[in-house]
Amino acid sequence: MLLRLPTMRAPETTSTTQPSLAVAGIQLQYGGVAALQGIDLEVASGEFVALLGPSGCGKTSLLRTIAGFVHPQQGAVRLNGRDVAGLAPRHRNIGIVFQSYALFPHMSVLQNVLFGLECRGIPKSAATQRARDAIGLVGLSAFADRRPKQLSGGQQQRVALARAIVIEPDLLLLDEPLGALDKQLRVQMQTELKALQRRLGVTALFVTHDQEEAMSMADRIVVMRDGKIAQIDTPESLFAAPNSAWVCEFVGAGNLLRGDAASILPGAPPGSVVQVPFDKLRVSPAANGMPITGRRFLGAMVELQMATPGGIVCAHLSPAAASAFTIGTHVHLHADPADCRVLPH
Ligand SMILES: Nc1ncnc2c1ncn2[C@@H]1O[C@H](COP(=O)(O)OP(=O)(O)OP(=O)(O)O)[C@@H](O)[C@H]1O
Ligand SMILES: [Mg+2]
């Protein structure tokens with residue numbers, strides 16, 4: 001059987017009767033450490049979901065639980081409706097890409113990609129054809145006979161990807177697969193990986209702690225904190241309507257105005273935290289205002305920083321508008337109430 005090629009199911013056209021992955025009530029402890037504390041998550045067929053959260057929040061633990069490398073004390077993992085509790089990792093039909101690539105150094109690219117098929121007992125000639133198809137899909141046909149150490153980081157990452165997709169997985173788990181790449185290659189691989197996932201129509205769960213990466217790639221983002229899910233939303237909704245001050249700060253969805261600064265929103269209850277997007281915070285010169293303490297050129301815009309008693313706030317202005325402001329200029333802050341939101345603590 002050949003690797004499924006671009007004619008495959010696209011996310012929009014798939015039936016949504018049953019999620020591809022359903023995780024319910026997962027509690028996982030390592031000794032006394034509670035790594036996952038009640039995780040519920042459904043991922044639709046063909047969907048690309050990012051797991052985003054700070055170091056130690058449980059992202060890898062959740063992937064390892066789904067893959068079957070660790071066993072939760074409570075909860076269930078279902079793949080295409082089937083409880084996989086009793087299934088060993090190799091019987092779950094999951095493709096995995098680790099941050100470290102985990103390629104076999106003594107094997108060629110082709111042998112690395114073939115390995116998973118041979119383990120599944122697929123006859124040599126059919127397996128070789130599928131492995132070559134997968135290597136072609138990631139653009140490495142000319143490198144099939146090389147060893148991993150004869151490849152660049154980005155090429156090794158592609159081999160790891162080919163090895164994960166060659167088994168035609170029902171689910172692709174990617175644990176910070178681009179973490180070791182430099183910024184430019186990382187952005188290029190984000191685009192390639194997303195395009196390949198869409199072409200294959202494969203369901204994907206992608207771990208990152210890079211907010212921009214999650215925003216630019218995912219259909220939905222799962223924000224994790226301390227072994228729990230803090231919010232699940234589309235990138236747009238997460239940015240526009242974070243459900244807590246913590247999520248707002250973590251995803252960089254705007255300023256958090258506290259204390260006196262929160263009075264920018266008339267009628268905000270005392271003690272509230274107000275979210276104002278960086279590009280919606282206005283500044284005007286005022287001798288009795290607060291001083292600008294920082295100024296950063298960000299390319300398309302300039303960021304002005306002001307130290308309020310509740311913390312630093314930032315305003316993003318066009319370079320032309322920002323030319324009137326320098327460090328030390330005193331300003332008042334304003335925002336249209338329609339651009340502000342009161343957040344729970
Ligand atoms: N094998 C283990 N034994 C004991 N504790 C562990 C083990 N693996 C992970 N932990 C702990 O479980 C928690 C979650 O770890 P996990 O590796 O899932 O975090 P993560 O979100 O993937 O972090 P990172 O972004 O740093 O990779 C952490 O407190 C970690 O120290
Ligand atoms: Mg991790």
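## Helix packing and ligand surroundings

The axes of helix α4 and helix α5, the latter spanning residues 183-200, come within 11 Å and cross at roughly 15 degrees. This description rests on a predicted model, and the values in it are to be read accordingly. Angles under 35 degrees count as roughly parallel, and α4 and α5 are therefore roughly parallel to each other. Their crossing is right-handed. From α4, the residues that take part in the contact are G154, Q157, R158, L161 and I165, and they meet L185, Q188, M189, E192, L193, L196 and L200 of α5. By character, the residues of this contact divide into seven nonpolar, three polar and two charged.

Helix α4, which covers residues 153-165, also packs with helix α2, residues 109-119: the two axes come within 8 Å and cross at roughly 30 degrees. These two helices are therefore roughly parallel to each other as well, and α2 passes α4 in a right-handed crossing. On the α2 side the contact is made by V109, N112 and V113, while V159, A162 and R163 contribute from α4. Four nonpolar residues, one polar residue and one charged residue make up this contact.

How do α2 and helix α3 cross, and at what angle? The axis of α2 and that of α3, which runs over residues 124-137, come within 9 Å and cross at roughly 125 degrees, and that angle makes α2 oblique to α3. The crossing of α2 and α3 is right-handed. In this contact V109, L110, V113, L114, L117 and E118 of α2 meet K124, A127, T128, R130, A131, R132, A134 and I135 of α3. The residues involved divide into nine nonpolar, one polar and four charged.

The surroundings of ligand 1 form a separate topic. Around ligand 1 lie Y30, A35 and P54, then the residues S55, G56, C57, G58, K59, T60 and S61, and also E176. For three of these residues, the distances from an oxygen atom of ligand 1 are set out below.

| Residue | Atom on the protein side | Distance to an oxygen atom of ligand 1 |
|---|---|---|
| S55 | N or O atom in the side chain | 2.5 Å |
| G56 | polar backbone atom | 2.8 Å |
| S61 | N or O atom in the side chain | 2.5 Å |

The polar contacts of ligand 1 thus include a side-chain atom of S55, a side-chain atom of S61 and a backbone atom of G56.

Returning to the helices, V109 and V113 of α2 are among the residues in contact with α4, and V109 and V113 are also among those that meet α3.

Notes:
Residues numbered from 1 in each chain as written. Chains lettered and ligands numbered in written order. Predicted model: local features only at pLDDT ≥ 70, side-chain atom pairs only at ≥ 80, totals over all residues. Heavy atoms only, no water. Axes fitted to C-alpha atoms, helices over the stretch in contact; angles between N-to-C directions. Helix = DSSP H or I, 4+ residues; strand = E, 2+ residues; numbered from the N terminus. Parallel < 35°, antiparallel > 145°, perpendicular 65-115°, else oblique. Left-handed = near helix turned anticlockwise from the far one by under 90°. Contact = heavy atoms within 4.5 Å. Nonpolar A, V, L, I, M, F, W, Y, C, P; charged D, E, K, R; others polar. Near = heavy atom within 4 Å. Polar contact = N/O pair within 3.5 Å; in protein donor to acceptor, adjacent residues only side chain to side chain.
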